[in-house]
Structure formats: structure tokens, C-alpha cells
Amino acid sequence: MTIGIDSIAFSTSKYFLSLETLAKHRDVSYEKYCLGIGQTKMAVFPPNEDIVTIAIDAARKALSSIEDKNAVDLLIFATESSFDLSKSAGIYVHKFLGLREDCRAFDLKQACYSAAAALRLAESYAANNPRSKVLIVGSDVIKYPPSASGEPTQGGAAIAFVVSQNPRILEIEPYAGVHTDDIMDFWRPAHLDNALFDGKLSAYNYLKSLDICLERYFKNSALKLSDIDCACFHSPFGKMARKANNQSFKYKSLDKTLIYSSIIGNSCSASLFICFLSLLDHAKDDLTGKRIGFFSYGSGSVAEFFSGVVRKGYKRELRAEENQKMLADRIEISFSEYEKLYSGEFRDFDKYQNIGSVKLSKIDNYRRIYENIGG
Ligand code: HMG
């Protein structure tokens, strides 16, 4: 029995800030951002767009190649940027996708690890339910305090993928190396909009966790380093993934995994899978039969290394041109616009464009009202 990713798509904000602009206003050399950190642009979100609207956009695309939408009977929304401590963001996605009423929908949280966690859980579900399809959405928007060292790594995006038996894109292998440890490297108290963090500790623990996870993965799988053809890493910023790659693998394919994330910024739960999509969309060689390693790191912390084998015919399921066009068509904003949007106080829901077909149209007594654009 094979289980894995059957369909995959992503979405992000229609707007971005160039890090050249940010560097100028923060009096930092742009080389530090683009070479030292490895980022050139960051997604910035207008009031009409949030983790739900981009999740719906990504999920609509991922489901467009699924013949029977009614086979989706489990929806897991992975996020660490939820705006509600009770109601699941997944319920809005369930509604706008028109999924069946007896499809379970709920949120899952563990910093940037949550979508990988959802994937691992979905595998057991798919094994026990041969006709079921599980829709996983990872959607996050991340903000740091203005001028904080993390500011140039801000961003946001949503990934959506369908997990099922006989997957068309990637077969997930059963073994893994996992490491959980109580570390205070990144946290966001419920009342705060932006994350608090210890940047150096987080980078240190990311790399330490990678070593531990790899050791456990190789022990559990009886595979060796040379059995893995390329790897995708959680990418809070490009340099972090580069350090991870240099520490363990030295794959040339790394550059291809970072093309999307370097112009979106950190997308937390979505990041690892956007790196995977970036690799699939940009790889010149046929990846059929290649074993890909995946390293997920969620501050706090839980980390996991696992692997999957690319399926024959995967290219038919890609939408590289559409993805590249979506990013190329984004609109650049000025620094003053960025400051206005960052504050969250600007509430004109009609001024900005949406990337997809659903918008947040108002917030009424903390109730978020979404609507299809055009009625
Ligand atoms: P910093 O402290 O301002 O940067 O921020 P720095 O001084 O360490 O410099 C960064 C690099 O730029 C260095 O290179 C410098 O040499 C270089 P490195 O030594 O690292 O190779 N540099 C230059 N290069 C070229 N030209 C120049 C120049 N100047 C300096 N002129 C820091 C770095 C990571 C601390 C910051 O970005 C940060 O705090 N980020 C937020 C936390 C973070 O992303 N941590 C990553 C691991 S934790 C994680 O991945 C989880 C997370 O996604 C959250 C979750 O799980 O939910 C964050």
C-alpha cells in the first residue's frame, strides 16, 4: 500500500515589501538581508486577506485535480497564527470548499511543525480508510516587532495538500527521526500579534535538532546518507536552510528549494512544503523515484526528519507556470504602506486586491465575515 501526497498547491498575499526598501529604512546594508539572511522580499497582508482566505485559495487549487471532492472526509488546518482560541479556522475552509457535512474539520498547533504533524497523522488515517482523502492546510502569517532582528524574515503563505492511498506526487515512507524538547526560542502569547523570540537560541536548536533527528532517522530506517537524493528544510529564512544543508548533506538542489520562500518570507507551517513545491517546479532533472528528505522544525520545540519517494507521472500534477505567475503578479508596497498594514489598525476591507476568490469583508464584534468576491 502506498500513501502520500496526491495533490498540492500554495497561495500567499497579493502584496510584498522589497527588503531593499526595508534595509534603507532600517539603516542596514541590503547585502545583510539578501546574502547574510538569504531573503529578498516579504509577503505583507492587507486587511481583507488572512490565514483563512489564502488557505481557501490554496485548497481550491489543490482540490481542482481531485475527481471526487466528496472523498475528503477529514480536514486539518495547521497554524500558529490563529485569531480565535476556540473556533477552528478549518471550519471556514470547509464551508467555502463545500465539503461534505460529515467531514471533520479542526486546527492543529505546534509552531512551524504543525503541517508535518498533520501529514504524519493523516497517513494512519488514510491507511485505515482506503477511499478517504485528507485535506491538510498549513497557513500562517508571521510578524515580529518593528526593527527586531527577525523583521526581514516576516512573511506568510498557505499550503494545501491532499493525502491518500495511491498518491500521484509523493509516497511518504513510514520511518522518521523525531525530537521534542522544551526550549524557549520563539513564542507568541495569545494577546500579542507579533512573535517574541531568542533568534540565536532558535538557530542553534534548529541545527542541533536536525543532527538528533537524522541520527534517529538513519537508525530507524537502516538507510544511509547516500540513499537520500535531495532534501527540503523548514526555511524561516534561506540562510537557515543553507546552514542545515551544509551541516548534513551539501545538496546542490538546495537552491531550487528556496526560490519561492526567498520572496515570500517565513510561512511557518507552510514553509517546508513550499520548499518541496519550489523544488518540483524548478528541478531540471526528472525526480521520479528520487528519495527526498524533509526536515520540519517547530520552535518550542518539535523537529522531525522523514522521507518520501517521488511518484512516476508527478509532473502532470504540477502547476509551475501558474505559481510563478501568481508571484510575478504581486504588487510592491512602499515602506509607509507596510507600516500602516503592519499596525493592524487600518481596516479598509475594500481598498486592496485579493489573491484568490474569497475575501475577509468585515469583522463584527470579533466575528469574521468572509465572502466570495463578486457575491
Ligand atoms: P541578526 O542577529 O540580525 O543577524 O539576525 P546576524 O548578525 O547573525 O547576521 C546574519 C548573517 O548575515 C550572518 O551570517 C552575518 O555574517 C551576515 P552567518 O554568520 O549567519 O552566516 N551578514 C552579512 N552578510 C553579507 N553582507 C553584510 C552582512 N552583515 C551581516 N553586510 C537572526 C539573524 C536569525 C537572529 C534573525 O533573523 C532572527 O532572529 N530571526 C527570527 C528567528 C528565526 O527565524 N530563527 C530560525 C530558527 S527557529 C525556526 O525556524 C522556527 C520559526 O520558523 C518559528 C516557528 O517554529 O514557529 C522561526
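Helices, which span at least four residues, and strands, which span at least two, are taken here as DSSP runs numbered from the N terminus. With that naming in hand, the surroundings of the ligand in this predicted model can be described element by element. Helix H2 (30–37), helix H6 (199–221), helix H7 (238–248) and strand S12 (291–298) each contribute at least two residues to the shell around the ligand. The largest share comes from H6, which provides 5 residues.

The position of the ligand follows from the domain layout. Residues of the shell come from both domain 1 (3–170 + 315–372) and domain 2 (172–314), so the ligand lies between the two. In terms of pockets, the ligand occupies the second largest one.

A closer look at the shell shows its chemical make-up. There are 28 residues around the ligand, and the nearest of them are Lys32, Glu80, Cys112, Lys200 and Lys243. By class, the shell holds 11 nonpolar, 11 polar and 6 charged residues.

Several polar contacts can be picked out between side chains and the ligand. Lys243 places a side-chain N or O atom 2.5 Å from an oxygen atom of the ligand. Ligand nitrogen atoms also take part: one is 2.7 Å from a polar side-chain atom of Ser202, and a nitrogen atom is 3.1 Å from an N or O atom in the side chain of Ser29. As for overall burial, the ligand on its own exposes 1100 Å², of which the protein buries 73%.

Two points of backbone geometry round off the picture. Most residues other than glycine have a negative phi, and most peptide bonds are trans. Ala111, however, has a positive phi, near 45°, and belongs to the loop between strand S5 (104–108) and helix H5 (114–128). The peptide bond from Gly300 to Ser301 is cis, its omega being near 10°. Ser301 belongs to the loop that runs between S12 and strand S13 (302–310); S12 is also one of the elements that supply residues to the shell around the ligand.

Notes. Residues numbered from 1 in each chain as written. Predicted model: local features only at pLDDT ≥ 70, side-chain atom pairs only at ≥ 80, totals over all residues. Heavy atoms only, no water. Near = heavy atom within 4 Å. Polar contact = N/O pair within 3.5 Å; in protein donor to acceptor, adjacent residues only side chain to side chain. Areas by Shrake-Rupley, 256 points an atom, 1.4 Å probe, with all protein chains shown as cover. 1 Å grid on protein atoms, 1.4 Å probe; cavity = no way out; pocket = protein on both sides within 12 Å on 5 of 7 lines; lining within 4 Å. Sits in = over half its atoms within 2 Å of the grid points. Nonpolar A, V, L, I, M, F, W, Y, C, P; charged D, E, K, R; others polar. Domains from an automatic or database assignment.
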